[in-house]
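User: I'd like to go through this model and check what stands behind the labels. Can you take me through the reasoning?

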Amino acid sequence: MISKQEILNASILIVDDQQSNVLLLEEMLRDVGYACITSTTDPTTVCTLHRKNRYDLILLDLQMPGMDGFQVMEGLKEIETKGYLPVLVITAQPDHKLRALTSGAKDFVSKPFDLIEVQTRIHNMLEVRLLYTKLEHHNQILEQTVLERTAELRESEARFRRLTELSSDWYWEQDNNGHFTKVYGPVLEMLGIRIDDALNQTRDDQRAGWNETERAILEDYLAARRPFLDFVYSRSNPDGSRQYLMVSGEPMFDASGRYTGYRGTGKDVTDTMVAKNKSQEN
């Protein structure tokens, strides 16, 4: 919410070619505690003043020689590009009120002045203007925060991918139906899985010579949605050699606890396992 002091500290510009009207409005505003009041009797200076000071409220007379209030508002629209003109018009012509509102003014006061009405309209308009400004500032901070968080997430993902590349041969994710949704590295080739047009269109190439006992154990882990670490399983290649793969994985759940799939890493440990088997044979 906007405090009373924030409203009294708001910046106000009075624009009227009649010096007597300017003095009357200045006195009325100061009497109720407004502290930041500027005035001019020259309408041609309004846009320059507003571009420099960005007033919270402009009290604008409509009937002025040389440049009327409608022309001033057209100039202000080029400054307030987001469409909010902080203008309260002053007019003695009833038929000008609707035209002023359709031209972008937010409210109006009539001449001769009713001081209580003027004070009330100024207070209400400043409250709305300051709320609008505060909301705009909040949205800018929120937008900047989103941009910063997005950059942080991208950097974190890049670090994660790099770490995965250094620590394993591949990283993978599956959805709750067992379809691959993310694959980094030669996982499909190593697993003997063919991929068609999309990641979820995959199938095992005739079990690819896997050790059925080991594969059954791994599939039991997946079916039970249990994590597994450094699980080694093997297959026979067409040339008669044996290939060993070591995988780790964990189930994924959303914020409500619903199972969404698996993710994990893996690498080819054939050289290590062949050397280990040879040492055991000797």
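Analyst: Sure. Keep in mind that this is a predicted model. A place to start is S236, whose bridge partner in β11 is R242.

User: What makes β10 and β11 a pair of strands?

Analyst: Two strands pair if DSSP finds at least two bridges between them. Seven bridges join β10 (residues 228-236) to β11, and the strands run antiparallel, so they count as paired under that cut-off. They form a hairpin with five residues between them, and in the turn G240 has a positive phi of about 90°.

User: And how do you know that β11 pairs with β12?

Analyst: By the bridges again: β11 and β12 (residues 259-268) have nine, in the antiparallel sense. At least two are needed, so this is a pair as well. One of the partnerships is P251 with Y262 in β12. This hairpin has five residues between the strands, with G257 at a positive phi near 90°.

User: How covered is β11 itself?

Analyst: Mostly covered: nine of the twelve residues in β11 (242-253) are buried. For the chain, buried residues make up 37% of the 282 residues.

User: Why is C47 called buried?

Analyst: C47 has 17% relative accessibility. Buried means under 20%, so C47 gets that label.

User: Then why is C36 called partly exposed?

Analyst: The value for C36 is 35% relative accessibility. Partly exposed runs between the buried cut-off, under 20%, and the exposed one, over 50%, so C36 is placed there.

User: How many disulfides does the structure hold?

Analyst: Zero. A disulfide needs a pair of cysteine sulfur atoms within 2.5 Å, and no pair in this structure counts as one.

User: What makes D68 a cap on α4?

Analyst: A side-chain oxygen of D68 lies 3.1 Å from the backbone nitrogen of F70, at the N-terminal end of α4. The limit for a polar contact is 3.5 Å, so that distance qualifies.

User: Which residues of α4 are buried, and what covers them?

Analyst: In α4 (residues 69-77), the buried ones are G69, F70, V72, M73, G75 and L76. Their cover includes two helices, α3 (46-53) and α5 (95-102), along with the strands β3 (57-61) and β4 (87-91).

User: What does the chain look like in overall numbers?

Analyst: There are nine helices and twelve strands. Among contacts between residues at least 6 apart in sequence, 53% join residues at least 24 apart. The accessible surface comes to about 16,600 Å², with 51% belonging to carbon and sulfur atoms.

Methods. Residues are numbered from 1 along each chain as its sequence is written. This is a predicted model: local features need pLDDT of at least 70, side-chain atom pairs count only at pLDDT 80 or more; totals for chains, interfaces and linings use all residues. Side-chain values use heavy atoms; hydrogens and water are left out. Buried means under 20% relative accessible area, exposed over 50%, partly exposed in between (1.4 Å probe, protein chains only). Helices (H or I, at least four residues) and strands (E, at least two) are DSSP runs, numbered from the N terminus. Contact means heavy atoms within 4.5 Å. A polar contact is a pair of N or O atoms within 3.5 Å; within protein, one must be able to donate a hydrogen and the other to accept it, and residues adjacent in sequence count only if both atoms are side-chain atoms. Accessible areas come from the Shrake-Rupley method with a 1.4 Å probe; for residues, only the protein chains shown count as cover.
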